[in-house]
Amino acid sequence: MAEAAATKNIPNDAVKATLSALDPDHSSAATLKLENTEKRDTLIESEKKYQAQWADSHVFEPEAPSLDDEDFDSTTPDDLHNKYPKWLGNFAFPYMNGTLHAGHGFTASKIEFTAGFSRMQGKRTLFPLGYHLTGMPIKACADKLVREVEQFGKTFERCPVDDIVEEGTKQETVPPAPTQSETKTDITKFGAKKGKAASKTIKAKYQFQIMLAQGIPLQEIHKFADPYHWIEYFPPLAKRDLTSFGARMDWRRQFVTTDANAYFDSFVRWQMRKLKEMNKIIFAKRYTVYSPKDGQACLDHDRASGEGVTVQEYTALKMQVKEWSETATKELDGKLPADAKVFFIPATLRPETMYGQTSCFVGPSLKYGVFQVGSEYFVCSPRAARNMAYQGIFPEWGVFPQVATLTGKSLVGTIVNAPLSVLTEGVRILPMDTVKDTKGTAVVTCVPSDSPDDYITSLDLAKKSEYYGIQKEWVHFDDILPIISTPSYGDLTAKNLVESLKIQSPKDTKKLEEAKEKAYKEGFYKGTMIYGDFKGKKVEEAKNLVRKQLIDSGLAFAYGEPDGKVMSRSGDECTAALLDQWFMNYGTTENGGDGEWAAQVFQQIEDMELYYPEAKNAFQQVVNWLANWACARSYGLGTKLPWDESVMVESLSDSTIYQSYYSFAHLLHKDMFGKQVGPLGVKPEQMTDDVWDYVLGRRDRGELPQSDIPKEALQTLRRHFDYWYPLDMRGSGKDLIQNHLTFNLYIHTALFPKENRPRSFRINGHLMLNGEKMSKSTGNFLTIQGAVEKFGADATRIALADAGDGIEDANFEESVANANILKLFELRKWCEEMVRDAIIVDGEEYKKVTTKERLKNNDVVQRRSGSPKVLLDDLFDNELNSLVTEARKHYEATMYKAALKAAYYDFTAARDFYREATKAAGLGMHEDLAKRYIELQALLITPIAPHWSEYIWLEVLKKPETIQNALYPEVPATDAGLTAAREFVRSTQSNITSAEGQAVKRLAKGKAALFDPKKDKKITIFSAKSWPEWQKKYIDILRRDYPDIDIKALSKQAGPESKKAMPFVNGLKRRLDNGESPDVVLNRQLEFDELFTLRAMVPGLKQTIQKCVAVEIIAVEEGGKAGVVINNDGSEGEKKEDLPSTAASAEPGSPTFAFENVEALPVR
């Protein structure tokens, strides 16, 4: 049980003692702490303002085109979608046993950003949310509180402090409050930070302690003994948190699951009846993960751990004891009848190999039980016997009487009969140190021909028989029987793999795992039987034939167990039970399911957008292994199964197609509980199966059901479904692929035609926080509310967009959110000043105004709207167009980290470069471009930072209505020539400033430099008129190979010239990759005027380069030894001979330069 170090003076009641150790604030103790919050508070004030305005003006409450807008009878769903484009998206509705954490926010953000961009595409956009309450967790927690209130009182005042305090001298721990996803009935699962040794610790023992740790007020906790109080308490908090986050949600459509909402309850009952009619739900006896304590199946959402674990079915052999070992005989004396039939029970996945059994292994240090099974006795682990007790193997359900206990060591030497083995006289029980009692029965039959583990263990036993206390001949290792022939490993697969992988001992666990996997795959998929009754058959076919033969002859029986440890919410370790119950007939034919149905799901996976190949592969894998799924339970909250009201629909079976319910939920009811009848006046009892069939598109639109619901109301419900469906995007964490999302596809394919099945699932990874797993125990935890309160909504959203987009785990960096508080605030301030405080000037006035006026921000001095633009203006204008286009591409692909970079980081960087370049040139920004930048910046980050954008749109630009209704900007096509010129300007300026910096460093180290940067200097720029002759052949090669340019092949072809040739080739390829025309690049032309661009750079270079008094541009002739000076007006001036060697290195688009100190040189 988890413990928390007690304070020095332990309070005298349990509540105070718990609070002293389980401080709710501890869960975020290790996260970033902010100090100066004035700028954040200013931004949050605006965010709250616009959230209220959006709610008041119903901005996010879209409707389908009404029956007045478009005639019902003559307008098809396709007609509606073509005329009124729409988008419907949502994420998996959260389970309501706590508040939403940052991981929920990350998944929600993908849908939220897409919703924002969809609005900007002119689509009617719907983003709804419901609340999941079905299942065990809430009921289990509530039932614990019922007992605790009865025992200790409403405020738990009668709980003895001694009951939660224990002595301790070890290093203790500080348990955290549980996370939303940890629906625990006790707090014993929590990890914790180590603290100093304490003499006493607080045990986290009761449910009321968990509630305290969650921050629930003490006086409120007793109310949670009613499970329906959870339903009323937590959904409003989810709405609060997502609203403060800025989610564009239509809250009119919210609802809760279970019979707490009669409309949704009716919807689920209809769904289950339809599936049963279609034979998609069957009644059968199947293995199911089962909780003996709860008395029912323990499905994924009922588990504290082990989600996704299924039942593994084995063939359990009956190996009858022929002669006990001497030690076992003594220990069993008087405990078994003299004529007792006793069987060792190994569980195998490879019954087809049983012909080659040579021995049977036990773990020498493990404890084994002898269990009475009617008139027989089984030897196996107690864990296995417990599983068997719920599978009809023992006479009485759940009872597995144990008559004796022995260690594995005592059993060694016992002789048992091995079914099908060629060793008909029996085989020995031998020791195997790697046997575990947590998997199988802890009894392992040995087949050294095909099991690498068995082969290496047998080899080890034979070599060290004396060490192991056995006789060598017991091992039967000299003449191994070949059973299966494989193309890769021959007739003795295990021997081949052990030798080829150089496995030396049973302790080579990693190599043995590899060998085991290879042996099984090769044997099953490619193996052929070469011994036994099914000789000549493929192993795939023979496997089940041998199994049936063994079971039919009474030599084996079917046995199942969870393929991993599963703990129920009630703290019970689950078993596998063979139950008569209702199942969803999921699974391929091979897995005992509806193969035709599975094939439809496979096709749906092919047809829909899954964004990443990893997601598609994951779905295909799940459909391949998924089998029948128990769809009912007897305990918890939920909808009663219509034909058997003693049980309820389980939590993963009522949460499959509820996205369709969103399309008209607000028309059925006004509140989430369905207590207030909606605007159509339809009551829950009127929603018959025929009505559901009609409104959900399962009947022709003209085929109205027999109902007392008015025709117009029925057609309105149908119109909303026809319009909003299919679902355009569903977001979810990758952990739900294995159940929730795959079930969604199954039920959609069963109940809806192809045109109404989901169009896309967008799967994301888990969210880390500051590079570490989110964990309350380490204090590295953040809720949505905590993030928004700490950073504000927009800064939080930016950090979520920046966290990552793939299916791999993402990372929310608090430093990113914190930095963006300042960035957003300063950018907002700059935009305000540029509009409010603008000083408009003409031409040369810029220098006068910025020199004379004492301005806080010289950027406000702008060239007049409509005045002529210079090259720097054109470069900036073109870069804005390029980034608008790039951001659109990323938004369309739902790649929000990349979209954020283009739309925000690169966009502000483009402004910064333009601002500094025009300032250095003594021009200032152009008024038209300043305003264009501000407007585009607001629009581009609207999907991600809507509050900031709204402020700029309404308060700065004085637009008449919300930016939420604005469309994504249309811009002219990017000019490749201006793009090339921009890159030329940046690279040339960077190269010049870097050279100056290198000179400074050399002088600082006492080394010689070609010039003194601290003295007046002149820069000479050498611009080549043409390319060197040697480059011609590479141009010809590129022209020949384009667009399939193979850089590696070219490098080999270049030979000795590669050092100079390959940089040249790579440079041309980059230009092509950046969108320059092949005709321009490969015809050896620049898409911009290099000399014109260099002349435009001169004023800026003089300002940015220290002590620069002159810049001279020389057009270099072929050979690099002569050239001509280019005057300020572009005319040719003085001829220059004997140019320095650097001139010869110049190439078109790649000038060289030289510095020299000068004295008394007039500035030019």
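What follows is a walk through three helical regions of this predicted model.

We begin with helix 38, which runs over residues 1090-1104. At 1.5 Å a residue its 15 residues should span 21 Å, and the end C-alpha atoms lie 20 Å apart, which agrees with that expectation. The helix is nevertheless bent, by about 40° at V1098, and a proline, P1099, follows within four residues. At the N-terminal end of helix 38, D1089 acts as a cap, with a side-chain oxygen 3.2 Å from the backbone nitrogen of L1091.

The buried residues of helix 38 are E1090, T1093, L1094, M1097, V1098, G1100, L1101 and K1102. In an α-helix, residues three or four places apart point the same way, because there are 3.6 residues a turn. The cover over the buried residues of helix 38 includes helix 29 (871-892), helix 30 (896-920) and helix 33 (976-1004), together with strand 39 (1017-1024) and strand 40 (1108-1116).

Two of these covering elements, helix 29 and helix 30, also pack against each other: their axes come within 8 Å and cross at roughly 175°. Since angles over 145 degrees count as roughly antiparallel, the two helices are therefore roughly antiparallel to each other. Among the residues that meet across this pair are F876, L880, L883 and Y891 in helix 29, and A902, F907, A910 and Y914 in helix 30.

Helix 24, residues 737-751, offers a further case, with 15 residues that should span 21 Å at 1.5 Å a residue and end C-alpha atoms 20 Å apart, in agreement. Helix 24 is mostly covered, with 14 of its 15 residues buried.

Key
Residues numbered from 1 in each chain as written. Predicted model: local features only at pLDDT ≥ 70, side-chain atom pairs only at ≥ 80, totals over all residues. Heavy atoms only, no water. Expected span 1.5 Å × (residues − 1). Bend = angle between axes of the 7 residues up to and from the residue. Buried < 20%, exposed > 50% of the residue type's maximum accessible area, 1.4 Å probe, protein only. Contact = heavy atoms within 4.5 Å. Polar contact = N/O pair within 3.5 Å; in protein donor to acceptor, adjacent residues only side chain to side chain. Axes fitted to C-alpha atoms, helices over the stretch in contact; angles between N-to-C directions. Parallel < 35°, antiparallel > 145°, perpendicular 65-115°, else oblique.
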